[in-house]
Amino acid sequence: MIAALPGNFATSVCNEVSIMNSSVNSSPSFEHNGVVRMQRAAEFLQATAADLTGSQRLPMGAGLRAGLRMLAAAARRAAVMVRAGHRDWVQSRKQAAEDERTWNAALQDARIMADLSRAMQRQDR
C-alpha cells in the first residue's frame with residue numbers, strides 16, 4: 001500500500017511535522033486576550049457603523065453606540081417573537097383545557113355527545 005503513494009510520502013509528512021513544531025510561538029504574551037478581543041470587537045462595530053452611515057471614520061463612542069443599537073434592535077425583535085409565541089401557547093393550552101372539559105361532559109351526557117357528533121359531521125362536508 002505504501003508503494004502506491006506518489007513521491008516520498010513519509011519524508012514529506014516528517015518535514016511538515018517539523019515545520020509545524022518549529023513555528024510554535026512559546027514566548028509569553030504581554031497583552032490580555034480578552035482586551036485584544038474587545039478591541040477587535042470595537043473596531044468591527046466601528047467599521048460596521050461606518051458602512052451603515054457612509055462615513056469613513058467615526059469616534060469610538062459612536063461606533064459602540066451603533067453596535068449597541070444593532071444589538072438592541074435584535075433583542076427587541078426576539079422579545080416580540082417570544083411574547084407572541086408565549087401568547088399563542090397560552091391560548092392553545094386554554095383551548096385544549098376547554099376541549100377536555102367538553103369531552104368529559106360529553107362522556108357523561110348523551111345529548112352533548114350527539115351535538116358533538118353532528119358538529120363533526122358538518123365539518124367533514
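## Salt bridges around helix α4

Aspartate 109 and arginine 111 pair up through their side chains in a salt bridge, with 3.3 Å from N to O. Keep in mind that this is a predicted model. Searching the whole structure turns up two salt bridges, and the other one joins the side chains of arginine 118 and aspartate 115.

**The 109–111 pair**
- Aspartate 109 is partly exposed, at 21% relative accessible area; buried would mean under 20%.
- Arginine 111 counts as exposed, because its relative accessible area is 63% and the cut-off for exposed is over 50%.
- Aspartate 109 also has a backbone partner: at the start of α4, one of its side-chain oxygens comes to within 3.2 Å of the backbone nitrogen of arginine 111.
- So aspartate 109 meets arginine 111 in two ways, through the side chain in the salt bridge and through the backbone nitrogen.

**The 118–115 pair**
- Here the N to O distance is 2.3 Å.
- Both residues sit in helix α4, which covers residues 110–124, and they are three residues apart, so about one helical turn separates them.
- Arginine 118 is partly exposed, with a relative accessible area of 43%.
- Aspartate 115 is partly exposed too, and its relative accessible area is also 43%.
- As a general point, side chains of opposite charge can pair when their charged atoms come close.

**Helix α4 and the rest of the fold**
- The chain has four helices and zero strands, so reading from the N terminus the elements go α-α-α-α.
- Helix α4 has 15 residues, and at 1.5 Å a residue it should span 21 Å. Its end C-alpha atoms are 21 Å apart, so the model agrees with that expectation.

**Surface and burial**
- Of the 125 residues in the chain, 11% are buried.
- The chain's accessible surface is about 11,100 Å², and carbon and sulfur atoms account for 60% of that.

**How far to trust it**
- Mean pLDDT over the chain is 75, and 66% of the residues reach at least 70.
- Helix α4, home to arginine 118 and aspartate 115, has the highest mean pLDDT among the elements, at 91.
- At the other end of the scale is helix α1 (residues 9–22), with the lowest mean pLDDT among the elements, 50.
- Residues 1–5 stay under 50 in pLDDT, and the model gives them zero contacts beyond four places in sequence.

Methods:
Residues are numbered from 1 along each chain as its sequence is written. This is a predicted model: local features need pLDDT of at least 70, side-chain atom pairs count only at pLDDT 80 or more; totals for chains, interfaces and linings use all residues. Side-chain values use heavy atoms; hydrogens and water are left out. A salt bridge is a side-chain nitrogen of Lys or Arg within 4 Å of a carboxyl oxygen of Asp or Glu. Buried means under 20% relative accessible area, exposed over 50%, partly exposed in between (1.4 Å probe, protein chains only). Helices (H or I, at least four residues) and strands (E, at least two) are DSSP runs, numbered from the N terminus. Accessible areas come from the Shrake-Rupley method with a 1.4 Å probe; for residues, only the protein chains shown count as cover. The expected span of a helix is 1.5 Å times one less than its number of residues. A polar contact is a pair of N or O atoms within 3.5 Å; within protein, one must be able to donate a hydrogen and the other to accept it, and residues adjacent in sequence count only if both atoms are side-chain atoms. pLDDT is the predictor's confidence in each residue, from 0 to 100. Contact means heavy atoms within 4.5 Å.
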